[in-house]
Structure formats: C-alpha cells, structure tokens
Amino acid sequence: MDLQKKIESYLKFQFHDESFIYLEKNCNTEFFDNVKKKEAIIDNKTTKQSIISQINQSRDFPENDLFAEEPQWSKSDNLEDLYSQIKDCQKCPLGLTRKNFVFGSGNPKADIMFIGEAPGADEDEQGLPFVGRAGQLLTKIIESIALKRSDVYICNILKCRPPKNRKPLISETDECEPYLFKQIEIIKPKFIIALGLTSAETLLKKKVKMSEIEGKIIDYKSTKMLVTYHPAALLRNPEWKRNVWEDMKLLRKLYDEYLQNITNS
Ligand code: URA
C-alpha cells in the first residue's frame with residue numbers, strides 16, 4: 001500500500017469522511033505533494049505514528065493541535081477557563097457548521113449532573129443546552145424532585161449540533177468526549193444522570209441495553225450514575241414517563257441520604 005493510501009485509510013479509520021475532507025482542506029498540501037514526488041518516507045516500517053508526526057509537521061494550524069498529547073485546555077481547573085479555551089474548537093467538522101458551541105450550563109459546583117447527547121437547533125441557536133422542547137421537559141423533570149435547573153449542571157456529550165440532529169458519529173464523540181470528562185473532573189458531581197443510551201454508552205464505554213441498566217445505580221469512577229430515558233424519547237413515548245419518575249424518585253432519595261450524611265459528619 002503506498003503512503004497516500006495508508007494515510008487515507010488511517011484517516012478514514014480514525015475519522016469520518018467529512019473529517020478527512022476537513023483535514024485535507026486544512027493541512028498544507030506540501031506533505032501530500034511530497035508523497036507524490038516520493039520524497040516522503042515510505043517503507044514497510046511506516047507506522048501510524050510516523051504518519052501522524054509527518055502530518056503534524058505539514059499542518060499549518062499549529063494552535064489547534066489535532067494530535068497533541070496534552071492540550072493546554074486539559075490543564076484547566078475551572079469551567080470558565082475551560083470554556084474560553086475550547087469554545088472555538090475545530091477538532092471535527094461540526095465546528096464548521098455550528099452556530100454556537102454549547103458548553104453547558106448550571107451550577108459549576110453541582111452535586112448532580114445531567115448529560116444528554118448533543119445540541120439541537122434551539123440549543124445551537126442560543127448556545128445553551130436543553131432549551132428546546134426536550135429541554136422544557138427536562139426542566140419539569142428536574143423540578144419534579146424539588147430542584148431547579150440552576151442547582152444542577154446540564155451538558156451534552158457533543159458540544160456542537162450534528163446536521164439534521166443525526167446521532168453523533170464515533171469520530172465526533174472521540175474528539176468531543178474529553179471535554180465532557182474534563183467538565184466532570186472539574187465539577188466533581190456526586191450523581192450523574194445519563195439521558196439516553198448515547199450518553200450512557202459514551203460514559204460506560206460499552207454497548208448497553210436500556211432494559212439492563214435503567215433504574216440501577218451504576219458506579220462511574222466512584223460517582224453514582226443513573227441512566228434514564230432521554231426527554232426527546234419521552235416526547236415520542238410518553239408511556240416511559242413512569243420509568244423516569246421512578247428514576248427521579250430514586251435520585252432524590254439517594255441525594256437526600258447524601259445530604260443527610262454530610263450534615264451528620
Ligand atoms: N437533546 C440533547 O441531547 N441535548 C440538548 O441539549 C438538546 C436536546
């Protein structure tokens with residue numbers, strides 16, 4: 001396989017086609033020209049890593065390092081700083097189509113964090129998570145256990161809207177999930193509520209079935225996690241509201257126990 005093919009297959013493996021086109025547009029063409037002129041190194045020992053380092057050297061957008069091991073934002077220790085460092089993200093093609101980067105909203109010291117899938121049209125328009133129809137239902141769900149949106153923290157796996165609200169691609173999730181993990185690390189919630197399977201599977205790093213995990217207390221890196229139906233799914237399937245109500249009652253019970261424990265200690 002020649003190097004050009006190797007690069008293409010590597011990038012296609014690593015990224016979705018749209019990303020590949022994006023990367024091609026954003027890299028200077030010198031490296032690819034060198035490949036054609038056979039000046040780029042190509043032999044059987046050419047590895048993914050050497051391809052990456054050659055691509056790195058040929059790129060002309062140094063600030064936004066696609067392959068950096070430890071980006072600057074990963075050192076953030078507060079949400080404001082993290083936001084200011086990642087809000088112009090162009091790691092995946094959704095950066096080109098978004099109107100707004102939807103970081104998250106709510107209490108930066110929240111005990112409870114709700115995590116959805118990705119912004120929709122309203123969220124993209126306003127730059128805030130869960131503000132459309134599903135968001136209004138989420139507000140009611142939160143209020144049903146005597147909490148306010150401003151008590152909790154709400155965000156998504158993806159920070160940018162996928163076109164036509166399609167499901168996030170694996171490549172998009174791969175690029176975006178480190179931002180969510182950093183948010184969790186900063187907020188240190190005591191409870192995480194994964195809204196829907198996309199959110200649950202991203203956090204748990206495995207395929208799961210709603211019937212297997214819904215209503216159960218799951219350990220997520222020593223944080224208690226519950227998985228419940230996504231509010232958009234509830235709009236389509238109102239019969240699932242009862243399950244969500246049970247999940248919320250369980251959350252309220254666990255949260256009250258937690259509050260009681262810290263008062264006693
Ligand atoms: N659906 C989501 O998963 N997140 C939003 O912010 C809005 C709708």
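The following paragraphs lead through a predicted model, from its central strands to a helix, a buried arginine and the ligand shell.

Strand 2, which spans residues 112–116, is a suitable starting point. Of its 5 residues, 5 are buried, so the strand is mostly covered. In a regular strand the side chains alternate between the two faces of the sheet. In strand 2, one side carries Ile-112, Phe-114 and Gly-116, the other carries Met-113 and Ile-115, and the residues on both faces are all buried.

Strand 2 has pairing partners in strand 3 and strand 4. With strand 4 it runs parallel, joined by 4 bridges; Ile-112 has Phe-191 as its bridge partner there. The pairing of strand 2 with strand 3 is likewise in the parallel sense and extends over 4 bridges, with Phe-114 standing opposite Ile-154 of strand 3.

In soluble globular proteins, nonpolar side chains tend to be buried together. The largest nonpolar core of this model comprises 45 residues, and those that touch the most other members are Met-113, Phe-114, Ile-115, Val-152, Ile-192, Ile-193 and Ala-194. Strand 4, residues 191–195, gives the most to this core, namely 5 residues. Ile-115 illustrates the connections: leaving aside residues up to four places away in sequence, its contacts include Cys-155, Ile-157, Leu-180, Ile-192, Ile-193 and Ala-194.

Helix 5, residues 79–86, has Leu-79, Leu-82 and Ile-86 as its buried residues. These cover an arc of only 60° around the axis, and therefore lie on the same side of helix 5. An α-helix has 3.6 residues a turn, so residues three or four places apart point the same way. The buried residues of helix 5 pack against helix 9, whereas the face turned away from the buried side carries the exposed residues Glu-80 and Ser-84.

Arg-161 is found in the loop between strand 3 (153–156) and helix 9 (170–187). Why does Arg-161 count as buried? It has 24 C-beta neighbours inside 10 Å, and 20 or more are required for that class. Although Arg-161 and Ala-118 are 43 residues apart along the chain, their C-alpha atoms are separated by 6.0 Å. Beyond residues up to four places away in sequence, Arg-161 touches Ala-118 as well as Leu-94, Arg-98, Pro-119, Gly-120, Ala-121, Glu-123 and Asp-124.

Glu-123 also belongs to the surroundings of the ligand: of the 13 residues there, it comes nearest together with Gly-116, Glu-117, Pro-129 and Phe-130. By class, this shell consists of 6 nonpolar, 5 polar and 2 charged residues. Gly-116 thus links two parts of this account, being a buried residue of strand 2 and one of the residues that come nearest to the ligand.

How values were computed
Residues numbered from 1 in each chain as written. Predicted model: local features only at pLDDT ≥ 70, side-chain atom pairs only at ≥ 80, totals over all residues. Buried ≥ 20, exposed ≤ 12 C-beta atoms within 10 Å, placed from the backbone. Contact = placed C-beta atoms within 7 Å. Near = placed C-beta within 6 Å. Nonpolar A, V, L, I, M, F, W, Y, C, P; charged D, E, K, R; others polar. Core = buried A, V, L, I, M, F, W, Y, C linked by C-beta atoms within 7 Å. Pairing = 2+ DSSP bridges. Arc of directions from axis to C-beta.
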